[in-house]
Every structure is written in C-alpha cells, then in structure tokens.
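Work through these exercises with the structure open beside you. Try each task before you read its solution.

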Amino acid sequence: MNDARHNVLMVSSDAQACRLLLSMLASRGVRACAVRDRSAAMEHLRRDPCGLVIVDVCDAADGLDLLAEVSGQAPERPLLALGLANDVELAVAAIRQGAADLLPKPLDRDTARRCLDRLLPSHEVASPEQADTPAIAGASPPLMDVLSVAKRIAPTSAPVLLTGESGTGKEVIAEFIHRHSRRGRGPYVRVNCAALSESLLESELFGHERGAFTGAVSQRKGKFERADGGTLLLDEISETSPRLQSQLLRVLEQQEFERVGGCENVRVNVRVIATSNRDLSAEVSAGRFRRDLYYRLGGVHLAIPPLRERPEDIAPLVWHFVNVYGPEAGRSVRQLDDEMLRLMSRFAWPGNVRQLRNVVRTALIMGVGERLSLEHSPALAAELSGDAGGEQALTSSYTAAGAASLSLHELERQAIFEALRRTQSHQARAAKLLGITDRTLREKLRRYRQAEELAAAVNEANAAAPTLINRAGCSVASETGEASWISQ
C-alpha cells in the first residue's frame with residue numbers, strides 16, 4: 001500500500017514544466033505522475049490517492065474548476081497552482097479556489113524547491129513497515145513485539161481482540177492486520193459500538209428489512225454484509241448490551257444472522273477484530289460481558305502498550321505527525337526542539353498517541369520557522385512541563401496503591417481524575433487533555449458513579465480540597481466551591 005503523502009499528481013500540458021518537476025520529485029524519492037487534462041486527473045485520484053496535487057491554471061477555466069473540485073474532495077490536501085508570473089488576477093483566483101501557493105512560470109528551480117520543501121513531507125519516519133504501513137511510526141521493543149504477533153496472525157481468519165488505553169492506536173493495528181491478511185483486497189468496515197444506542201447498533205450491524213420499524217422504507221444491508229469477504233472492526237465492543245453480545249457470538253460461531261425484522265438467514269464470510277479500552281476479563285468477572293464471547297474473541301489477544309511504556313517512539317511519531325499536518329499548517333519543519341522532546345519524554349501521556357498528535361498539530365499551527373518547538377504554545381509547554389512533576393506524583397500514587405491495583409482499568413481511572421484535577425473539573429478541557437471525546441469522558445464518569453468508585457477516587461486525587469456532595473453523592477467542588485467533577 002503506497003503512502004498517499006508521498007504521491008504527487010501533476011496536471012499540465014506544459015512538457016518542460018512537467019520534466020523539471022518530475023525530475024525534482026524523483027530526486028526526493030517521491031512517486032509522481034503527470035496527466036494532461038481534468039478527466040484524467042479525476043480518474044487518477046479515484047485510483048491512487050495523492051498527498052499533493054499540482055495544477056497548471058494557465059488554462060484558466062478548466063484549471064480553476066479542477067482546483068475547486070480537488071479542494072472540495074479533500075480540503076486539507078495541499079494544492080499547488082502553476083501560472084504566469086505576471087497574471088495577478090489568476091493567482092488570486094487560484095488561491096481562492098484552494099491553492100496553497102502559485103508557482104510562477106517559467107519555472108525557477110530554487111523557487112520550485114522551496115515550494116516542495118513546504119508542501120511535501122520533510123522527514124523520513126523510522127517505521128517497521130516503511131512501504132506498507134506508514135502510519136505505524138517507531139521501532140521500540142514493545143511496539144515490535146505487537147507487530148510481530150500481528151503479522152503472524154494476519155494470514156489467518158481467527159478473530160482478534162485488541163485491548164489498550166484510549167489513543168494507543170488499536171485501530172491502526174487492526175488495519176495493519178487486515179492489510180497483511182489474505183482479505184487485504186476485500187472490504188475493511190468499521191463500526192463504533194459506543195456511538196450508537198442498542199437498537200441503532202443492531203440495525204447498523206445486521207441491517208433491516210423494509211417496514212421493520214418506523215422509517216425503514218427499504219431493505220438495508222448492515223456492516224456484516226458489507227464486510228463480506230473482508231474484515232469488520234468492532235470498536236469498543238465492551239459497550240454492547242448482553243442481547244447484542246449473544247447475537248455477535250452466533251455470527252462468530254456460525255457466520256450467519258437475520259436482518260432486523262427479517263426471518264431469512266444471511267450467510268457471510270467475515271473476520272472480526274474487536275477493540276476495547278477496558279479490562280474485559282474484569283468485565284466478565286463483574287457480569288457485564290459474556291464469558292463465552294470473551295473467549296471466542298480472545299483466542300488471539302493483543303494488548304497495545306501505552307505511549308509512556310515506549311518513549312523511544314515519541315520522536316518518530318512527532319515526525320510522522322509533522323509530515324501529516326505540516327502542509328496543512330503551511331510549514332516545512334527540519335528540526336525538533338530538544339527541550340520539547342525532553343518534556344515529551346517525561347510526560348505521562350494519558351491520552352497516548354492521540355494526545356501526542358493533537359499536541360504536534362497545535363504546535364505546528366501556532367509556531368513558525370523550520371524548528372518545531374513549544375515557544376509559541378505556552379499552554380502546551382505548561383501542560384507538558386507540569387506533568388514532569390505530575391508524572392512523578394501519579395507514579396507515587398500508583399506505587400502507594402500497590403502493584404495489584406495497577407490494572408488497565410485503574411490506570412485509566414487515575415489518569416481521568418488527574419486530568420479533571422488539573423483542569424479544575426472542566427470536562428471539555430479534561431477530555432482534550434486526555435485525547436478523548438467529551439462523550440467518552442461522560443460515559444466513563446457515569447460508570448464510575450455506578451461502580452461507587454468516585455468517592456474513593458476523589459480522596460486519592462484531591463484529598464486536600466473541600467468536598468461538597470450533591471444529592472446523588474457524585475460531585476465534588478473545586479477549591480473555589482464553584483466547579484463540580486461530574487455535571488448531572
């Protein structure tokens with residue numbers, strides 16, 4: 001699978017300009033293709049996604065229309081226009097249609113080089129699968145262990161269970177397994193089990209017949225049918241109800257099901273990969289997850305290590321995100337600030353790789369120049385430097401709790417309450433700090449209330465703060481007595 005960011009499409013009938021740019025791209029090891037017209041360009045983009053599109057707008061009507069169409073399809077993909085140096089109106093029109101810049105013709109090699117420096121990935125990322133899985137950056141022993149097992153199980157059709165904290169990259173590993181399997185050319189379908197109610201999730205997974213419920217005006221295929229011959233990713237499977245768990249077990253065992261409102265069996269050939277950020281064995285013990293489904297899914301169980309356990313992957317991941325978001329920010333980064341990397345290596349990363357991605361993207365947007373630093377992002381710098389001591393405090397609290405309590409669930413719970421403490425109980429800011437959505441945070445807090453964990457967690461995380469308990473016994477005020485941990 002080619003990395004789209006290293007593919008370039010040129011649309012021009014100017015042979016001289018094409019030869020110059022193609023030679024410059026070839027010297028960078030960038031795969032490039034030149035076509036002459038709009039229809040050929042759109043056909044090429046359908047077959048082979050590109051990270052940069054260069055459009056000659058000297059033919060103003062067709063060139064500007066193509067810029068608008070390509071920009072509308074992928075607004076964050078950088079576009080470069082070619083045009084005459086003295087045609088100011090055309091340059092303005094091209095930028096209005098989505099071009100990041102206009103390269104004047106006749107082309108000057110130095111000017112073209114500077115444009116390509118800014119719009120193309122600026123650093124090769126150390127990746128264990130450079131040609132096939134560019135999104136997996138890093139080569140730490142924990143990551144390599146996971147990838148080694150993933151490659152061994154990929155050719156089979158065995159179901160896989162991926163567990164790990166939020167933001168560790170479970171979906172990336174799931175796609176890695178699919179791409180390296182015999183089903184790699186088949187469909188790869190995803191469904192977020194936490195985002196839908198039970199009835200909607202049932203219809204989403206198994207489809208429905210016409211008239212099955214109000215609004216079902218026609219038959220609809222579900223995710224299982226759409227994934228036939230390929231792979232279905234069930235993200236956050238621990239959020240499914242006991243009834244749906246029973247149906248999923250039947251599909252895994254028999255590869256057949258009935259659509260909602262139907263009576264005919266539908267047979268499929270689907271490999272299921274499931275993910276969860278919870279300790280499913282604990283969920284089984286608590287009676288919240290079916291034991292037989294857990295054993296069926298967990299025949300192959302991969303635990304994805306959190307980012308704090310593989311700090312040597314931080315720099316490669318930073319470069320990866322620089323390459324992904326640098327063009328969006330209009331920056332060509334050549335160097336990473338040593339102090340920034342030092343802070344990152346000491347940070348606990350409760351939101352894991354997802355949180356690191358957000359930090360790098362913000363630093364790119366807020367900063368300037370060829371060196372990526374936190375100089376223009378004081379809030380990020382304070383957050384990372386605060387955790388240099390915060391990490392030690394958290395580690396102390398974990399140690400005090402005893403090794404037996406260091407389960408995945410406990411680590412996640414500690415990180416959430418630490419984020420709430422630092423943000424003075426502001427849920428939106430805490431979710432951003434953790435690298436998760438507001439909805440996910442609210443759902444986790446709801447579970448903590450139900451499990452009667454909140455009181456103990458508050459005593460651990462904020463023992464010195466005055467406490468105010470509401471009627472439900474599930475909120476605690478900040479030092480000012482104004483903000484609560486959990487909004488009712």
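## Exercise 1: The open sheet

Five strands form an open sheet with parallel pairing, in the order E7-E8-E11-E6-E12. The model is a predicted one.

**Task.** Which strands are the edge strands, and what is the average twist from one strand to the next?

**Solution.**
- Step 1. Look for strands that pair on one side only: these are E7 (188-192) and E12 (300-303).
- Step 2. Go from one strand to the next: the twist averages 20 degrees.

## Exercise 2: Pairs inside the sheet

**Task.** How many bridges join E8 to E11, and which residue of E11 stands opposite leucine 232? How many bridges pair E6 with E12, and which residue is the bridge partner of threonine 163?

**Solution.**
- Step 1. Take E8 (residues 231-235) and E11 (residues 271-276): they run parallel and are joined by four bridges.
- Step 2. Find leucine 232; valine 272 in E11 stands opposite.
- Step 3. Turn to E6 and E12, which pair in the parallel sense over four bridges.
- Step 4. Find threonine 163: its bridge partner is alanine 303 in E12.
- Step 5. Recall the background. Strands of a sheet pair through backbone hydrogen bonds, either parallel or antiparallel.

## Exercise 3: Two faces of one strand

**Task.** Which side chains of E12 are buried, and which helix lies across E12?

**Solution.**
- Step 1. Follow the side chains along E12: they alternate.
- Step 2. Val300 and Leu302 point to one face and are buried.
- Step 3. His301 and Ala303 point to the other face and are not buried.
- Step 4. Now add the helix. H6 (residues 141-153) lies across E6 (160-163), E11 and E12, and runs at about 155 degrees to E12.

## Exercise 4: The cores

**Task.** How many residues does the largest nonpolar core have, and which element gives the most to this core?

**Solution.**
- Step 1. Count the members: the largest nonpolar core has 29 residues.
- Step 2. Pick out Phe224, Leu234 and Leu297, which have the most contacts inside this core.
- Step 3. List the elements that give two or more residues: E7, H8 (198-206), E8, H10 (242-254), E11, H11 (280-285) and H12 (291-297).
- Step 4. H10 gives the most, with five residues.
- Step 5. Zoom in on leucine 234. Beyond its neighbours within four places in sequence, its contacts include Val191, Leu205, Leu248 and Ile273.
- Step 6. Move to a second, separate core of 26 residues; among them are Ile314, Leu317, Met344 and Phe347.

## Exercise 5: Helix pairs

**Task.** At what angle do H13 and H14 pack, and at what angle do H6 and H7 cross?

**Solution.**
- Step 1. Start with H13 (residues 314-329) and H14 (residues 338-346). They pack at about 120 degrees, with their axes 10 Å apart.
- Step 2. Classify the angle: it makes H13 oblique to H14, because 65 to 115 degrees would count as roughly perpendicular and over 145 as roughly antiparallel.
- Step 3. Give the hand: the crossing of H13 and H14 is right-handed.
- Step 4. Name the contact: Ile314, Ala315 and Val318 of H13 meet Met340, Leu341, Met344 and Ser345 of H14.
- Step 5. Repeat for H6 and H7 (residues 170-179). Their axes come within 8 Å and cross at roughly 35 degrees.
- Step 6. The crossing of H6 and H7 is right-handed.
- Step 7. The residues in contact include Val146 and Ala150 of H6, and Ile173 and Phe176 of H7.

Terms used: Residues are numbered from 1 along each chain as its sequence is written. This is a predicted model: local features need pLDDT of at least 70, side-chain atom pairs count only at pLDDT 80 or more; totals for chains, interfaces and linings use all residues. Side-chain values use heavy atoms; hydrogens and water are left out. Two strands pair if DSSP finds at least two bridges between them. Axes are lines fitted to C-alpha atoms, for helices over the stretch in contact, and angles run from 0 to 180 degrees between N-to-C directions. Contact means heavy atoms within 4.5 Å. A nonpolar core is a set of buried Ala, Val, Leu, Ile, Met, Phe, Trp, Tyr and Cys residues joined through side-chain atoms within 4.5 Å. Buried means under 20% relative accessible area, exposed over 50%, partly exposed in between (1.4 Å probe, protein chains only). A crossing is left-handed if the near helix is turned anticlockwise from the far one by less than a right angle, and right-handed if clockwise.
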